[in-house]
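Subject: Structure handover

Hello,

Here is the structure for you to look through. My notes on it follow below.

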Amino acid sequence: MIFADTIILSDLHLGSEVSRASEALRMLKSASFNRLILLGDIFSDLNFRRLKKGHWRFLGYIRKLSNPKREIEVVWVEGNHDHGLSQVMSHLVGIRVYQEYTWEYGGVRHLAVHGHQFDRFLTRNLAVSRFLSALHLAMQKFAFGRQRMIGFLERFDTAWLRLSAKVAGGALAHGRSKNVQRIFCGHTHEALSLTRDGVEYYNSGSWTQEKPTYIAIDHNGPRICEYRETTEDLAKEVREDLEVDCEDLLAD
């Protein structure tokens, strides 16, 4: 069981074949928290027809969490893949969408921003960047069990790591300009933490990789966590699915 004040996850890419929406849902159900920040690129694109059953379940659970009776603050920070969905998401899931989100916890000022704003290549070459991002997701899908493809993907990921360093540098400078002590980003799909000139930078990674990651913040500070599925998590999901199916049968 995870106990935290704030959980941050990003880059779920709902609609993509490599989205680990079911694992993300199980993680949230196994956690206790006061605030959830969806840090951008929760969707892969604007085509809702690509959403699978597990993707809709994730969105349904987010809507449940946003119910005021649960007393959980749910925040959606827009990513480059989410662009144009702000109004739709506010209506569909019942939460507000931000470009940037600032909050205080433990006497420390925090800032969450997706990070594409610091990607100069993206801002100058939007169409090319979207193509490369889609290519990266497609390669992840076909890489499993194909050694040649895995090698090419590793070289592609090296370029992504260089982008990660650039985004981190831009984010740290932005954090200093906003007078925050901690800044959180996604976008690069690479979990990372570093400190420079008194500002802490954290990247939440993604939920399209083989080892999905997220950030948990408690009184000890932020930590990057790797989700590891357990048989208990799977058994709980099976029980819940059976309960839902039985309710549907009784309703019929």
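I start with a single pair: His-110 has Arg-182 as its bridge partner in β9. Keep in mind that this is a predicted model. The pair belongs to the link between β8 and β9, which run parallel and are joined by 3 bridges.

**The five-stranded sheet**

These strands sit in an open sheet. There are 5 of them, in the order β7-β8-β9-β11-β10, with mixed pairing. The edge strands are β7 (100-105) and β10 (192-196), and each pairs on one side only. From one strand to the next, the twist averages 20°.

Going through the pairs:

- β7 and β8 (residues 108-113) run antiparallel, joined by 6 bridges. Thr-102 has Leu-111 as its bridge partner in β8.
- β9 and β11 run parallel, with 4 bridges between them. Ile-183 has Tyr-201 as its bridge partner in β11.

β9 covers residues 182-185. Which way do its side chains point? Arg-182 and Phe-184 go one way, Ile-183 and Cys-185 go the other way, and all are buried. As background, side chains in a regular strand alternate between the two faces of the sheet.

One residue beside this sheet has an unusual backbone angle to check. Asp-197 lies in the loop between β10 and β11 (199-203). Its phi is near 55°, a positive value in a residue other than glycine. Asp-197 is exposed, at 63% relative accessible area; the cut-off for exposed is over 50%.

**The six-stranded sheet**

The other sheet to look at is open too. It has 6 strands in the order β6-β5-β4-β2-β12-β13, and the pairing is mixed. β6 (97-98) and β13 (221-226) stand at the edges. Each has a single partner strand, so one side of each is left without a neighbour in the sheet.

β2 (residues 6-9) pairs with β12 (residues 213-218) over 3 bridges, in the antiparallel sense. Ile-8 stands opposite Ile-215 in β12.

Val-75 lies in β5. Buried or exposed? Val-75 is buried, because its relative accessible area is 1% and the limit for buried is under 20%. Leaving aside neighbours within four places in sequence, Val-75 is in contact with Leu-36, Ile-37, Leu-38, Tyr-98 and Tyr-101. Val-75 and Ala-112 are 37 residues apart in sequence; in space they are 9.9 Å apart, C-alpha to C-alpha.

**The helices**

Two helices lie across strands of this sheet. Helix α1 lies across β2, β4 (35-38) and β12, and runs at about 175° to β2. Helix α2 lies across β2, β4 and β5 (73-77), and runs at about 140° to β4.

How do α1 and α2 sit relative to each other? In general, two packed helices are described by the angle between their axes and the distance between the axes. Here, the axes of α1 (residues 21-29) and α2 (residues 53-65) come within 8 Å and cross at roughly 30°. That makes α1 roughly parallel to α2, because angles under 35 degrees count as such. The crossing is left-handed.

The contact draws on both helices:

- From α1: Ala-21, Ser-22, Ala-24, Leu-25, Leu-28 and Lys-29.
- From α2: Gly-54, His-55, Arg-57, Phe-58, Tyr-61 and Ile-62.

By class, the contact of α1 with α2 has 7 nonpolar, 3 polar and 2 charged residues.

How enclosed is α1? Of its 9 residues, 7 are buried, so α1 is largely enclosed by the rest of the structure. The buried ones are Ala-21, Glu-23, Ala-24, Leu-25, Arg-26, Met-27 and Leu-28. Glu-23 and Arg-26 are thus among the buried residues of α1.

**A second backbone angle**

Asp-11 lies in the loop between β2 and α1. Its phi is positive, about 55°, although Asp-11 is not a glycine. At 0% relative accessibility, Asp-11 counts as buried. Asp-197, by contrast, is exposed. Please look at both loops when you open the model.

Best regards

Note on methods
Residues numbered from 1 in each chain as written. Predicted model: local features only at pLDDT ≥ 70, side-chain atom pairs only at ≥ 80, totals over all residues. Heavy atoms only, no water. Axes fitted to C-alpha atoms, helices over the stretch in contact; angles between N-to-C directions. Parallel < 35°, antiparallel > 145°, perpendicular 65-115°, else oblique. Left-handed = near helix turned anticlockwise from the far one by under 90°. Contact = heavy atoms within 4.5 Å. Nonpolar A, V, L, I, M, F, W, Y, C, P; charged D, E, K, R; others polar. Pairing = 2+ DSSP bridges. Buried < 20%, exposed > 50% of the residue type's maximum accessible area, 1.4 Å probe, protein only.
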